[in-house]
Amino acid sequence: MTNIPPQAQLGEMITGYWISQAIYAAAKFGIADLLNEGSLTVDELATATATKPDLLYRHLRALASVGIFAEEDHKRFSLTPLAEPLRSDIQGSQRSLALMMGEDQYRAWGNLADTVETGDNAYEKVFGKPIFDHLAEQPEKARIFDDAMTGIHGRETGAIIDAYDFSGINVIADIGGGNGSKISSILQSYPDMKGILFDLPHVVGRTRPNIEAAGLSGRCQLVDGDFFQSVPAGADAYIMRHIIHDWDDEKSLTILKNCHSVMSSGSKLLLVESVIPPGNDPFMGKFLDLAMMLIPGGKERTENEYHELYDKAGFDLVRIVPTSTEVSVIEGVRR
Ligand SMILES: C[S@@+](CC[C@H](N)C(=O)[O-])C[C@H]1O[C@@H](n2cnc3c(N)ncnc32)[C@H](O)[C@@H]1O
């Protein structure tokens, strides 16, 4: 039980974006990378980032007050455990996530009230086009998006592999596989398995070097295309993590039916999503659901909603396997 009075708790929630925007600005300036070799004075940091030393000092002092960077004597700043993941070159980096959330997605979130009132998609209202069309025209933002997916969902990969037994699958197709981090981990855990990664052409172009660097070019085929048109045949399991939540039921059914048409009877459909639980307990998936409403125009679903979707697409939902993170593996079998 917390002893903070409700007004103070609510006040902290209301001003929550102060912290997230301060983190975003520090990520944009690359402060954590600059501090990687050791502490620096604010003047040194300001010179390196082309910012105003007195204002940068106030910015970093505020972040240090919540444990992100530490202020030492003589206006020197150093990394802290909470600042470390803002470095760009480390496993589990959160820098791209901070950039993506603090920039375009923050602007879309500013339209939440409008979207709830009108039903209009916030991202399209702000940027004039759907997110995946926008990213296709903005290579740097698209690269940040790919990385941010690992930032936000990367922890789920090990949890999925721990919770779900992939043995018996000969070829797994990762539809909308993004930067390849998930299929690489699955293939590394199952040395006899082969993989197909499918995504939009510009994404696959950036993913190829990652698959090569993981030493998996011989076992993982890269295919580009549009899952609203078709998906590649030839796998006995189709996995999609955080794909179906991007879309409304009609579009989701198009993707699922495209999978169905290349799958044979008895092969597996594995959706990895946050299945919305009943009740009022904290569950970030309920906020991820708002992000889906505002940005791609999709939704998180309940167990019943997944049952209905699977049934309409020609799959039997066999079981929902929880993981140590909020996501579950929703196993279906093609009828
Ligand atoms: C939310 S991300 C999830 C990425 C990855 N599955 C993960 O869990 O990190 C959605 C992915 O769907 C891909 N995508 C969006 N529209 C697509 C389309 N029409 N055809 C194929 N892939 C698409 C995006 O490029 C992106 O990689």
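Colleague: What makes strands 1, 3 and 2 an open sheet, and which strands stand at the edges?
Modeller: This is a predicted model. Its sheet of three strands has the order 1-3-2, with antiparallel pairing. Strand 1 (40–41) and strand 2 (70–71) each have a single partner strand, so one side of each is left without a neighbour in the sheet.

Colleague: How do you know that strand 2 and strand 3 pair?
Modeller: Pairing needs at least two bridges between the strands. Strand 2 and strand 3 (residues 76–78) have two bridges, in the antiparallel sense, so they meet the definition. Ala 70 has Ser 78 in strand 3 as its bridge partner.

Colleague: Why is the sheet 6-5-4-7-8-10-9 called open?
Modeller: Seven strands form this sheet, and the pairing is mixed. Strand 6 (220–224) and strand 9 (315–322) stand at the edges with a single partner strand each, so one side of each is left without a neighbour. On average, neighbouring strands of this sheet are turned by 20° against each other, direction ignored.

Colleague: How do you know that strand 4 and strand 5 pair, and in which direction do they run?
Modeller: The cut-off is at least two bridges. Five bridges join strand 4 (residues 171–175) to strand 5 (residues 194–199), so the two strands count as paired. They run parallel. One of the bridge partners is Gly 195 in strand 5, which faces Ile 172 as its partner.

Colleague: What joins strand 9 to strand 10?
Modeller: Seven bridges, in the antiparallel sense. Ile 320 has Ile 330 in strand 10 as its bridge partner. The two strands form a hairpin, with five residues between them. Helix 15 (residues 303–313) lies across strand 9 and strand 10 (328–334), and runs at about 145° to strand 9.

Colleague: Which residues come nearest to the ligand?
Modeller: Met 149, Gly 176, Gly 178, Phe 227 and Arg 241, out of 17 residues around the ligand. A residue counts as near if its C-beta atom, placed from the backbone, lies within 6 Å.

Colleague: How many residues of the shell around the ligand are nonpolar, polar and charged?
Modeller: The shell divides into seven nonpolar, five polar and five charged residues. Gly counts as polar.

Colleague: Where do the domains of the protein chain lie?
Modeller: The domain assignment gives domain 1 as 6–88 and domain 2 as 102–334. Taken over C-alpha atoms, the centres of domain 1 and domain 2 are separated by 33 Å.

Colleague: Why is the protein chain called as compact as a globular protein of that length?
Modeller: The protein chain has 15 helices and ten strands. Its radius of gyration is 22 Å, and the globule rule gives 20 Å for 335 residues. The two values are close, so the chain is as compact as a globular protein of that length. Along the principal axes, the C-alpha atoms fill a box of roughly 70 × 45 × 40 Å.

Definitions and conventions: Residues numbered from 1 in each chain as written. Predicted model: local features only at pLDDT ≥ 70, side-chain atom pairs only at ≥ 80, totals over all residues. Helix = DSSP H or I, 4+ residues; strand = E, 2+ residues; numbered from the N terminus. Axes fitted to C-alpha atoms, helices over the stretch in contact; angles between N-to-C directions. Contact = placed C-beta atoms within 7 Å. Domains from an automatic or database assignment. Rg over C-alpha atoms; globule rule 2.2 N^0.38 Å.
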